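Colleague: Could you take me through one part of this model with some care, beginning with the lysine that the record annotates and then working outward to the parts of the chain around it in your account? I would like one connected answer rather than a list.

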Amino acid sequence: MTGPDELPLRPELRGRSPYGAPQVPAAYRLNTNENPHPLPAELLADLGAALGHAALELNRYPDRDAVALRTDLAGYLSRTSGEAVTPQQVWAANGSNEVLQQILQAFGGGGRTALGFTPSYSMHPIISAGTGTAWVDGHRRGDFTIDAAAAAAQVREVRPDVVFVTSPNNPTGTAVALETIEQLYSATAGVLVVDEAYTEFARAGTRSALTLLPGRPRLIVSRTMSKAFGMAGLRLGYLAADAAVVDALQLVRLPYHLSSLTQAAARMALAHTDALLATVDEVKAQRDRIVEALPALGLTSVPSDANFVLFGHFADAPAAWRALLDRGVLVRDVGLPGWLRVTAGTATETDAFLTALAAVVAEHG
Ligand code: PMP
């Protein structure tokens, strides 16, 4: 069989592995930060009707500019942030991964550089590689927080074209202070992307970078319906930025990238925002339960504003991962020595996780 490396593949892709959490069968799948709560019954009924209606027009291309959807998304952002966001400031694509790819196609690319503070969302460097953008690892403190002054100094030195800040950060969970984001914005002449995939789960007092948009035309805030909205299968991500950024992205987006079925389903989901986000408090309560249970097991966690917890320390995290899986609980080994990441979901999942974890700690120490 021919391997990809025997093909005339781009040199920077040679020897790389595709992104993806292991899709291992397990009774409790707590490894990809999905929302496990089923969609509300009334939404499911309305989705059927909306998709049936959209299907009547499937012989036609979708609204290329997704105007109605962007209007609904702008309404959601304005309502929840208190910041007036217009439809012209919003752009949507198939998951925030595609949004990020479009940003890199427009603002990164050959001869350009992106910088992100690792450990963070591992797709940022992967999408950079895919778009021919060079990658530089930004530094964090030992406790995984970003030292604003040191980070700004590194950005001034590297002069990246695209800077990524994930807030709340994945896989560590902690949100980034707006003062840090302001300092990084001032330090860069490139675009600053704040990836807020998990922002709806943030602890009280955390503010979205949306509030920083006025007067900052190079700031981009990316969001998704995959996490708090519980619609990972829908593939709908979006961003808010200056309208000029949205105009720039038109240069790289594929025409009709967002199918009419996706647009219709996303709009119907947004019409049920309150019912969908009703599970957020329950997920946060389970997250806090996990955090509070860890010390009694001799373990610790990183402060989390997300629907997951990075927990440790383990002498041998891969062995602990395997031992949990042997008990039916699939968590994520994110490759950080001593740490594992678990998604917070239902009370039943938390029970199963904590029971398995206690047994693993008792056995392996
Ligand atoms: N950003 C972060 C920080 C994520 O963790 C994820 C999903 N794991 C994404 C973006 C991408 O999500 P999606 O493409 O489903 O919107």
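**The annotated lysine and its setting**

Modeller: Lysine 227 is buried, since 26 other C-beta atoms lie within 10 Å, and the cut-off for that class is 20 or more. Please keep in mind throughout that this is a predicted model. The reason for starting here is an annotation: in an unreviewed entry, UniProt places the feature "modified residue: N6-(pyridoxal phosphate)lysine" at Lys227. In the model, lysine 227 belongs to the loop between strand 7 (219–224) and strand 8 (237–241). If neighbours within four places in sequence are left aside, the residues in contact with lysine 227 are Asn33, Asn35, Ala197, Tyr198 and Asn307.

The same record gives a wider frame, for UniProt also places the feature "domain: Aminotransferase class I/classII large" at residues 30–357, again in an unreviewed entry. Over residues 30–357 the chain is 40% helix and 15% strand, while the C-alpha atoms at the two ends of that stretch are 13 Å apart.

From the lysine I would turn to aspartate 195, which lies in strand 6 (residues 191–195). Aspartate 195 counts as buried because it has 29 C-beta neighbours inside 10 Å. Not counting residues up to four places away in sequence, aspartate 195 touches Tyr121, Phe164, Thr166 and Ser222. The C-alpha atoms of aspartate 195 and leucine 236 are separated by 14 Å, with their positions 41 residues apart along the chain.

Two cis peptide bonds deserve attention when you inspect the backbone. One of them joins threonine 118 and proline 119, with omega at about 0 degrees, and proline 119 sits in the loop between strand 3 (113–117) and helix 4. Another joins serine 167 and proline 168, where omega is about -5 degrees, and proline 168 is placed in the loop between strand 5 (162–166) and helix 6 (178–187).

Beyond proline 119 comes helix 4, and within helix 4 lies proline 125. Proline 125 counts as buried because 21 C-beta neighbours fall inside 10 Å. Setting aside neighbours within four places in sequence, proline 125 is in contact with Gly116 and Trp135. The C-alpha atoms of proline 125 and proline 217, which are 92 residues apart along the chain, are separated by 23 Å.

Helix 4 also packs against another helix, and here the geometry can be stated in the usual two terms. Two packed helices are described by the angle between their axes and the distance between the axes. The axes of helix 3 (residues 95–107) and helix 4 (residues 123–130) come within 9 Å and cross at roughly 45 degrees. Helix 3 is therefore oblique to helix 4, and the crossing of the two is right-handed. On the side of helix 3 the residues that meet the partner are Asn97, Leu100, Gln101 and Leu104, and on the side of helix 4 they are Met123, Ile127 and Ser128. Sorted by class, this contact of helix 3 with helix 4 has 4 nonpolar, 3 polar and no charged residues.

Another helix pair can be described in the same way. The axes of helix 11 (residues 317–326) and helix 12 (residues 347–364) come within 9 Å and cross at roughly 130 degrees, so that helix 11 is oblique to helix 12. Helix 11 passes helix 12 in a right-handed crossing. Ala319, Ala320, Ala323 and Leu324 of helix 11 make the contact with Ala356, Leu357, Val360, Glu363 and His364 of helix 12. The residues of that contact divide into 7 nonpolar, 1 polar and 1 charged.

Finally, two residues other than glycine have a positive phi and should be looked at alongside their surroundings. Alanine 66 has phi near 45 degrees and is found in the loop between helix 1 (41–55) and helix 2 (67–81). Alanine 66 is buried, because 26 other C-beta atoms lie within 10 Å. Tyrosine 256, for its part, has a positive phi of about 60 degrees and occupies the loop between helix 7 (243–249) and helix 8 (260–271). Tyrosine 256 is partly exposed, because 13 other C-beta atoms lie within 10 Å.

Note on methods
Residues are numbered from 1 along each chain as its sequence is written. This is a predicted model: local features need pLDDT of at least 70, side-chain atom pairs count only at pLDDT 80 or more; totals for chains, interfaces and linings use all residues. Axes are lines fitted to C-alpha atoms, for helices over the stretch in contact, and angles run from 0 to 180 degrees between N-to-C directions. Helices (H or I, at least four residues) and strands (E, at least two) are DSSP runs, numbered from the N terminus. Angles under 35 degrees count as roughly parallel, over 145 as roughly antiparallel, 65 to 115 as roughly perpendicular and the rest as oblique. A crossing is left-handed if the near helix is turned anticlockwise from the far one by less than a right angle, and right-handed if clockwise. Two residues are in contact if their C-beta atoms, placed from the backbone, lie within 7 Å. Ala, Val, Leu, Ile, Met, Phe, Trp, Tyr, Cys and Pro count as nonpolar, Asp, Glu, Lys and Arg as charged, and the others, Gly among them, as polar. A residue is buried if 20 or more other C-beta atoms lie within 10 Å of its own, exposed if 12 or fewer, and partly exposed in between; C-beta atoms are placed from the backbone. UniProt positions are given in the numbering used here, feature names are shortened, and annotations may be inferred rather than shown by experiment.
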